[in-house]
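Look at the sequence and the structure below, then work through the exercises. Each task is followed by its solution in steps.

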Amino acid sequence: MMKIALVGNIASGKSTVEKTLQELNFSVLDTDFVAHGLLENNAEIMEAFKDYDILTEGKISREKLGKIVFSDETLKQKLEAILHPQIRAKIQEYFSIHSNEKLVFVSIPLLFEAKMEDLFDKVLFVYTNDDIRLQRLMKRNNYTKEYAIVRMNSQISQDEKVKLADWVIYNNSTVEDLRKMVVNVIEQIH
């Protein structure tokens, strides 16, 4: 089994690549989805952030928590220290469940930030020009330009990640072009 990390900074088009891989009958684990599930009623996070307004109707609000941790690096590291080991365990469980498949993918935007490279054989990186990502983020998430830039700057730069990747897909064109590039990469892998 080849374990491939699908990486891309925020608003790069990873979700479209994930969807394309699934349409091609590959298993894809989305660690953003895993993280959202881990946040649901995480007692450890509730305890760690009990002095902050992170709850809405008794549940952890991703929006409130995000605004807090993306404005304070120490709090961001505190959250990651709780979540990253739990996400790592979910990835290993996923590999165990899909061990009979030739290729498996894990969409993991923070692969390098979380230092989880050791879990994977190869890295597929989705690169999108920063100006396009900024516009997408502002439109998609209704972020102010300033907050969108804070979120983008919270990740290791794309140029650094390109150097660490085995394959790079440049997503600066149409969805159709992106899908063709995904198929091309799959053909190279097989």
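The exercises that follow treat a helix, several single residues and a pocket.

The model is predicted: local features need pLDDT of at least 70, side-chain atom pairs count only at pLDDT 80 or more, and totals for chains, interfaces and linings use all residues. Residues are numbered from 1 along each chain as its sequence is written, and side-chain values use heavy atoms, with hydrogens and water left out.

**Exercise 1. Helix α9**

Task: Compare the expected span of α9 with the distance between its end C-alpha atoms, and find which of its residues are buried.

Solution:
- Helices (H or I, at least four residues) and strands (E, at least two) are DSSP runs, numbered from the N terminus.
- The expected span of a helix is 1.5 Å times one less than its number of residues.
- Helix α9 covers residues 175-189, so its 15 residues should span 21 Å, and the end C-alpha atoms are indeed 21 Å apart.
- Buried means under 20% relative accessible area, exposed over 50%, and partly exposed in between (1.4 Å probe, protein chains only).
- The buried residues of α9 are Leu178, Val182, Val185, Ile186 and Ile189. They lie on the same side of α9, because they cover an arc of only 100 degrees around the axis; the arc is that of the directions from the helix axis to the C-beta atoms.
- Glu187 and Gln188, on the other side of α9, are exposed.
- The buried residues pack against β1 (2-8), α1 (14-23), β5 (103-107), β6 (122-127) and β7 (167-170).

**Exercise 2. Two residues and their contacts**

Task: Place Ile108 and Arg133 in the fold and list what each touches.

Solution:
- Contact means heavy atoms within 4.5 Å.
- Ile108 sits in the loop between β5 and β6. Its relative accessibility is 3%, so Ile108 counts as buried.
- Not counting residues up to four places away in sequence, Ile108 touches Ala5, Leu6, Val7, Thr31, Ile91, Met116 and Phe120.
- Leu29 is 79 residues from Ile108 along the chain, yet their C-alpha atoms are separated by 8.5 Å.
- Arg133 belongs to helix α6. With 2% relative accessibility, Arg133 counts as buried.
- Apart from neighbours within four places in sequence, the contacts of Arg133 include Asn9, Ile10, Ala11 and Ser12.

**Exercise 3. Positive phi**

Task: Is Ala11 buried or exposed, and is Asn25 buried or exposed?

Solution:
- Ala11 is not a glycine, but has a positive phi of about 65 degrees. It is placed in the loop between β1 and α1, and at 4% relative accessibility Ala11 counts as buried.
- Asn25 has a positive phi near 70 degrees and is also a residue other than glycine. Asn25 lies in the loop between α1 and β2 (27-30), and at 71% relative accessibility Asn25 counts as exposed.

**Exercise 4. The largest pocket**

Task: Describe the volume and the lining of the largest pocket.

Solution:
- On a 1 Å grid over the protein atoms alone, a pocket is an open set of points where a 1.4 Å probe fits, with protein on both sides within 12 Å along at least five of seven lines; lining residues have an atom within 4 Å of a point.
- The largest pocket holds about 1400 Å³ of space. Grid points are joined across faces, edges and corners, and a volume is the space filled by probe spheres set on the points.
- The lining has 47 residues, and Ile10, Asp32, His36, Arg62 and Arg151 lie nearest the centre.
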